[in-house]
Structure formats: structure tokens, C-alpha cells
Amino acid sequence: MEKRRLGTNGPELPVVGLGTSKTLEIADDNGVAEDLIDTALDQGVVVFDTSPMYGRAEEILARGLGSRRGEAFVATKIWTPSPEEGRRWFAQVLEWYGGYIDLLQIHNLVAWREHLPMLEQAKEEGKIGMIGATHWQAAAFGELEEVMRTGRISQIQVPYNPGEREVEERILPLAEELGLGVILMRPLAAGGLMGREPTAEDLEPLEEFGVTTWSQALIKWGLSDPRCHVSIPATSKPERIAENVAAGSGPWFGPEERAHVSRLAGF
Ligand SMILES: NC(=O)c1ccc[n+]([C@@H]2O[C@H](COP(=O)([O-])OP(=O)(O)OC[C@H]3O[C@@H](n4cnc5c(N)ncnc54)[C@H](OP(=O)(O)O)[C@@H]3O)[C@@H](O)[C@H]2O)c1
């Protein structure tokens with residue numbers, strides 16, 4: 001899998017990671033969470049994205065990584081309006097993840113002004129590698145820009161797929177200008193685009209790009225924008241990891257192939 005640097009000062013990371021929203025709890029309920037995480041690590045996945053918003057996902061991920069914690073780049077999120085609750089939560093995740101969080105993102109920008117001082121101190125103390133911010137709604141991108149311009153974060157996480165392209169207007173150019181790392185969420189539109197699976201004939205022009213399935217076409221669509229560094233498709237099924245990871249190697253799509261995938265997706 002190809003590696004890209006997560007922003008000017010970030011580490012080099014394989015471009016396909018693993019999201020955990022809803023899917024990791026489903027995998028756990030099906031008794032395959034540990035298999036899912038092991039399979040991902042074995043296939044070269046390093047970035048695991050989670051959040052206290054995803055039910056038990058943070059805890060399941062920590063348990064699933066177990067002694068392989070050091071092989072992972074753990075990205076979680078602070079998600080509470082209360083700085084006090086944020087401190088309590090942070091103490092808990094530090095315990096789960098061996099005293100270190102590789103990337104701590106402010107989820108949906110909730111109370112970002114209040115949380116930043118605590119996060120900056122934790123970074124100084126070597127408990128956090130990078131500080132970032134996320135939002136999933138275009139209506140919040142004005143505020144996200146404001147946070148990006150403070151110079152206090154070095155990464156953002158935003159939605160990007162053929163049906164959600166608002167980040168192209170200002171967010172991706174600004175991230176590039178500021179040298180921020182960019183993680184793509186919702187590469188399959190939370191599965192919403194998977195229902196539009198095209199025919200094998202429609203996918204044929206993408207074969208020379210190593211793409212043989214619809215999920216690969218969509219993941220490669222996002223990663224073919226060089227301003228994006230890591231895509232985090234989520235799955236509850238260990239057998240789907242290899243398929244998704246295969247989209248993380250070149251050759252990358254040009255404008256023509258991206259337009260073809262957008263058309264197939266109905267946009
Ligand atoms: N910060 C935020 O506000 C925010 C918001 C949304 C998401 N996120 C992060 O971004 C991650 C990804 O976004 P997402 O989970 O919303 O959506 P996604 O990754 O776009 O789509 C996940 C869905 O696609 C299905 N899927 C995955 N691989 C597949 C394949 N090869 N073939 C067919 N179906 C496949 C999964 O179902 P199966 O389980 O059946 O495979 C799952 O339902 C999240 O998990 C989370 O970590 C962050």
C-alpha cells in the first residue's frame with residue numbers, strides 16, 4: 001500500500017485506514033472484532049479511527065489491538081461540551097491505549113476553544129502525537145476554517161466522496177496551503193453509494209488502475225486527489241478488508257476516471 005505524509009510535519013502512513021463508526025460494535029456483536037482488527041493490521045492498515053461517539057468502539061478497538069497497539073496509529077476524538085468530562089474521558093483512553101494517542105481530533109468541533117488548552121498540554125507532555133479537528137457537515141466548514149487558521153491543529157478529517165464534494169471549494173485548498181494532514185471520512189457515503197453498484201462493463205475502464213470492485217472505485221476516487229492523505233472506509237466484515245486496502249496503491253485516477261466514477265455514482 002502507498003504511504004503519504006499526514007501533513008507537513010505528520011508521519012508517513014499507509015493511505016487506507018479503518019473507520020469504526022457502528023461497524024466495530026457490529027463486528028463485536030458477531031464475534032469477529034478481533035479478527036477484523038488483526039486482518040486489518042496483517043493487510044497493512046495502520047490508521048484506526050474511532051470516537052467516544054461510536055458507542056463501545058474505542059474500548060473494543062483497544063482490546064482488539066492488544067499487544068499489537070504499537071503497530072497502529074490510533075486516531076480518536078474528544079466529544080463533550082464539558083472540559084471536565086473531557087479530562088475524565090482522556091484519562092480513560094490513555095489507560096486503554098498504553099498512555100499515548102497518536103492523533104486526538106476535536107469531534108464535530110464541539111467546545112474546541114475549551115478543549116484546546118488541555119490537548120496542547122497533553123501534547124507537550126508526550127501523551128498526544130497530533131491534534132486535529134473533524135466535521136461531517138458542510139454548514140460547519142466556515143468554523144472549521146477558523147480552527148484551521150489558528151495554527152493550533154495539524155490535521156483535519158472531512159467527508160469526501162462523489163456525492164459530497166464541498167471540501168473542494170475551500171477546505172482542501174486551505175489544508176494544502178497550511179500543510180495540514182487530511183483524513184477522508186465517509187468514502188462510501190456510509191454505505192449509501194454501495195447500493196448503486198455498476199455493471200462489470202462499467203468498471204472495465206478502471207481495471208488498468210487495479211480497480212475491480214465498486215468499493216475500490218469509490219475509495220480510489222478520494223485518494224486520487226493528492227491533497228488527501230488517508231481514507232478510512234469502515235467495515236464490520238474481515239473479508240472486506242483486503243478488497244478495500246487494494247484501492248490504496250497506484251496508479252491513481254486522472255480527471256477522466258474520476259468523472260467516470262462520479263457518473264456511475266449518479267452525480
Ligand atoms: N468525525 C465525524 O464526524 C465522522 C462522521 C462520519 C464518519 N467518520 C469516520 O469515518 C469512517 C468512515 O465513514 P462511515 O463509517 O460513515 O462510512 P463509509 O466508510 O463510507 O461506509 C461504511 C459502510 O460501507 C460498507 N462497506 C465497507 N466496505 C465495503 C465493501 N467492500 N463492500 C460493500 N460494502 C462495504 C460497510 O458495511 P459492512 O460493515 O457490511 O461492510 C458500512 O456500512 C467512520 O467509521 C468514522 O471512523 C467520522
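Trainee: What classes of residue make up the lining of the largest pocket?
Mentor: In this predicted model, the lining of the largest pocket has 11 nonpolar, 13 polar and 7 charged residues. Ala, Val, Leu, Ile, Met, Phe, Trp, Tyr, Cys and Pro count as nonpolar, Asp, Glu, Lys and Arg as charged, and the others, Gly among them, as polar.

Trainee: What makes a space a pocket, and what a cavity?
Mentor: Both are found on a 1 Å grid over the protein atoms alone: a pocket is an open set of points with protein on both sides within 12 Å along at least five of seven lines, whereas a cavity is a set of points where a 1.4 Å probe fits but cannot get out. About 770 Å³ of space lies in the largest pocket, a volume being the space filled by probe spheres set on the points, which are joined across faces, edges and corners.

Trainee: Which residues that line the largest pocket are closest to its centre?
Mentor: Lining residues have an atom within 4 Å of a point, and of the 31 that line this pocket, Ser21, Arg186, Ala190, Gly191 and Ala234 are the closest to its centre. In the second largest pocket, with about 160 Å³ of space, the corresponding residues are Asn9, Gly10, Met130, Ile153 and Ser154, out of 15 in the lining. Strand β7 (residues 128-134) gives the most to that lining, with 3 residues.

Trainee: How do you know where the ligand sits?
Mentor: A molecule sits in a pocket if more than half of its atoms lie within 2 Å of the grid points, and by that test the ligand sits in the largest pocket. The ligand is surrounded by 30 residues, the closest being Asp49, Leu188, Thr235, Ser236 and Lys237, where a residue belongs if one of its heavy atoms lies within 4 Å.

Trainee: Why does Asn244 count as making a polar contact with the ligand?
Mentor: A polar contact is a pair of N or O atoms within 3.5 Å. A polar side-chain atom of Asn244 lies 3.0 Å from a nitrogen atom of the ligand, so the pair qualifies. Backbone N or O atoms of Thr20, at 3.1 Å, and of Ala189, at 3.2 Å, meet the cut-off too, each with an oxygen atom of the ligand. The protein buries 87% of the 890 Å² that the ligand exposes when taken alone, with areas from the Shrake-Rupley method and a 1.4 Å probe.

Trainee: How many cavities of 30 Å³ or more are found in the whole structure?
Mentor: The search finds 1, and the largest cavity holds about 40 Å³ of space. Val16, Gly17, Leu18, Val45, Pro233, Ile241, Asn244 and Val245 line the largest cavity, and by class that lining has 6 nonpolar, 2 polar and no charged residues.

Trainee: Which kind of peptide bond joins Gly250 and Pro251?
Mentor: The bond is cis, with omega about 0°. Lys22 has a phi near 70°, a positive value in a residue other than glycine. Most residues other than glycine have a negative phi, and most peptide bonds are trans.

Trainee: How are residues numbered and filtered here?
Mentor: Residues are numbered from 1 along each chain as its sequence is written. Local features need pLDDT of at least 70 and side-chain atom pairs 80 or more, while totals for chains, interfaces and linings use all residues, and side-chain values use heavy atoms, leaving out hydrogens and water.

Notes. A polar contact is a pair of N or O atoms within 3.5 Å; within protein, one must be able to donate a hydrogen and the other to accept it, and residues adjacent in sequence count only if both atoms are side-chain atoms. Helices (H or I, at least four residues) and strands (E, at least two) are DSSP runs, numbered from the N terminus.
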